[in-house]
Amino acid sequence: MRGGLERGGVGTDAVYALALSPDAAVAASGGGDDKLRVWSTADGSELVVIDSFAESVAHVAFSADGGYLAGCDLDGNVRVLKTGSWEVVLELDGPDGAESMVWHPRGNVLVVSSTDTTVWMWHVP
């Protein structure tokens with residue numbers, strides 16, 4: 001890609017999920033190595049790695065205001081990080097077989113759907 005950043009050797013397995021922060025300053029990835037990673041879009045440097053997941057991280061998403069980043073693995077383990085400090089502020093047990101994850105566009109409500117037809121919602125303070 002002309003003029004772009006290429007980042008090789010990211011983790012030890014496939015990348016399953018990508019998200020860009022609302023201000024485009026950072027990107028997040030999740031993958032088969034059971035880790036959530038945060039990257040600087042300015043220089044491609046890795047800012048943080050969260051390795052407290054039990055399974056592949058299949059979903060990552062920034063809240064609409066950019067204040068939070070959430071990651072969810074295939075077993076429904078959810079971690080919510082405060083952006084900037086990148087500390088895990090919330091650990092949630094969601095549904096097995098997590099299928100998708102989104103933030104409400106107007107508030108800090110995180111929604112996860114599952115292959116068992118359930119939908120889980122949490123208010124993040």
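# A tour from His-59 outward

Select His-59 and Ala-98: the His-59 side chain comes to 3.2 Å from the backbone oxygen of Ala-98. Keep in mind that this is a predicted model. His-59 sits in strand S5, which spans residues 57-62. Buried or exposed is the first thing to ask of His-59. His-59 counts as buried because its relative accessible area is 13%, under the 20% limit.

**Across to Ala-17**

Keep His-59 selected and add Ala-17. The two residues are 42 apart along the chain, yet their C-alpha atoms are separated by 5.3 Å. Ala-17 belongs to strand S1, residues 15-20. Ala-17 is buried, because its relative accessibility is 7%.

**Past the end of S5**

Now pick Ser-63. This residue is in the loop between S5 and strand S6 (68-73). What does the side chain of Ser-63 contact? Show Asp-65: the two side chains make a polar contact at 2.8 Å. Ser-63 has a relative accessible area of 0%, so Ser-63 is buried.

**The Arg-37 network**

Next, select Arg-37 and show its side chain. How many salt bridges does the structure hold? There are three. Opposite charges on side chains can pair when the charged atoms come close.

Start with Asp-33. Arg-37 and Asp-33 form a salt bridge, with 2.8 Å between the closest N and O atoms. Both Arg-37 and Asp-33 are buried.

Then add Glu-46. Arg-37 also bridges to Glu-46, where the closest N and O atoms are 2.9 Å apart. Arg-37 counts as buried because its relative accessibility is 11%. Glu-46 has a relative accessible area of 34%, so Glu-46 is partly exposed.

**The Glu-91 and Arg-79 pair**

Move to Glu-91 and Arg-79. They form a salt bridge with closest N and O atoms 4.0 Å apart. This pair links distant parts of the chain: Glu-91 is in strand S8 (residues 87-93) and Arg-79 is in strand S7 (residues 77-82), 12 residues apart. Is Glu-91 buried or exposed? Glu-91 is exposed, because its relative accessible area is 54%. Arg-79 is buried, because its relative accessibility is 8%.

Go back to the Arg-37 group for a moment. Shared partners join the salt bridges of Asp-33, Arg-37 and Glu-46 into one network.

**Asp-51, beside the network in the view**

Leave Arg-37 on screen and add Asp-51. How far apart in space are Asp-51 and Arg-37, C-alpha to C-alpha? The distance is 8.8 Å, with their positions 14 residues apart in sequence. Asp-51 is in the loop between strand S4 (46-50) and S5. Its relative accessible area is 55%, so Asp-51 is exposed.

**Two positive phi angles**

Turn on the backbone and select Asp-34. Most residues other than glycine have a negative phi. Asp-34 is not a glycine, but its phi is positive, about 65 degrees. Look for Asp-34 in the loop between strand S2 (26-31) and strand S3 (36-40). Asp-34 is partly exposed, because its relative accessible area is 23%.

Which other stop has a positive phi? Select Thr-117: phi is about 75 degrees, and Thr-117 is not a glycine. Thr-117 lies in the loop between S10 and S11. Its relative accessibility is 74%, so Thr-117 counts as exposed.

**The negative patch**

Stay in that loop and select Asp-116. Asp-116 is in the loop between strand S10 (109-114) and strand S11 (119-123). At 43% relative accessibility, Asp-116 is partly exposed, because the partly exposed class runs between the 20% and 50% limits.

Switch to a surface view. Which residues form a negative surface patch with Asp-116? Add Glu-55, Asp-75 and Asp-96: these residues and Asp-116 make up the patch.

**Last selection**

Display three items together to finish. Show His-59 with the backbone oxygen of Ala-98. Show the network of Asp-33, Arg-37 and Glu-46. Show the negative patch that includes Asp-116.

Definitions and conventions: Residues are numbered from 1 along each chain as its sequence is written. This is a predicted model: local features need pLDDT of at least 70, side-chain atom pairs count only at pLDDT 80 or more; totals for chains, interfaces and linings use all residues. Side-chain values use heavy atoms; hydrogens and water are left out. Patches are made of residues with over 30% relative accessible area and no salt bridge: like charges are joined within 9 Å, nonpolar side chains (Val, Leu, Ile, Met, Phe, Trp, Tyr) within 5 Å. Accessible areas come from the Shrake-Rupley method with a 1.4 Å probe; for residues, only the protein chains shown count as cover. A salt bridge is a side-chain nitrogen of Lys or Arg within 4 Å of a carboxyl oxygen of Asp or Glu. Lys and Arg count as positive and Asp and Glu as negative; His and the chain ends are not counted. The place of a charge is taken as NZ of Lys, CZ of Arg, CG of Asp or CD of Glu. Helices (H or I, at least four residues) and strands (E, at least two) are DSSP runs, numbered from the N terminus. Buried means under 20% relative accessible area, exposed over 50%, partly exposed in between (1.4 Å probe, protein chains only). A polar contact is a pair of N or O atoms within 3.5 Å; within protein, one must be able to donate a hydrogen and the other to accept it, and residues adjacent in sequence count only if both atoms are side-chain atoms.
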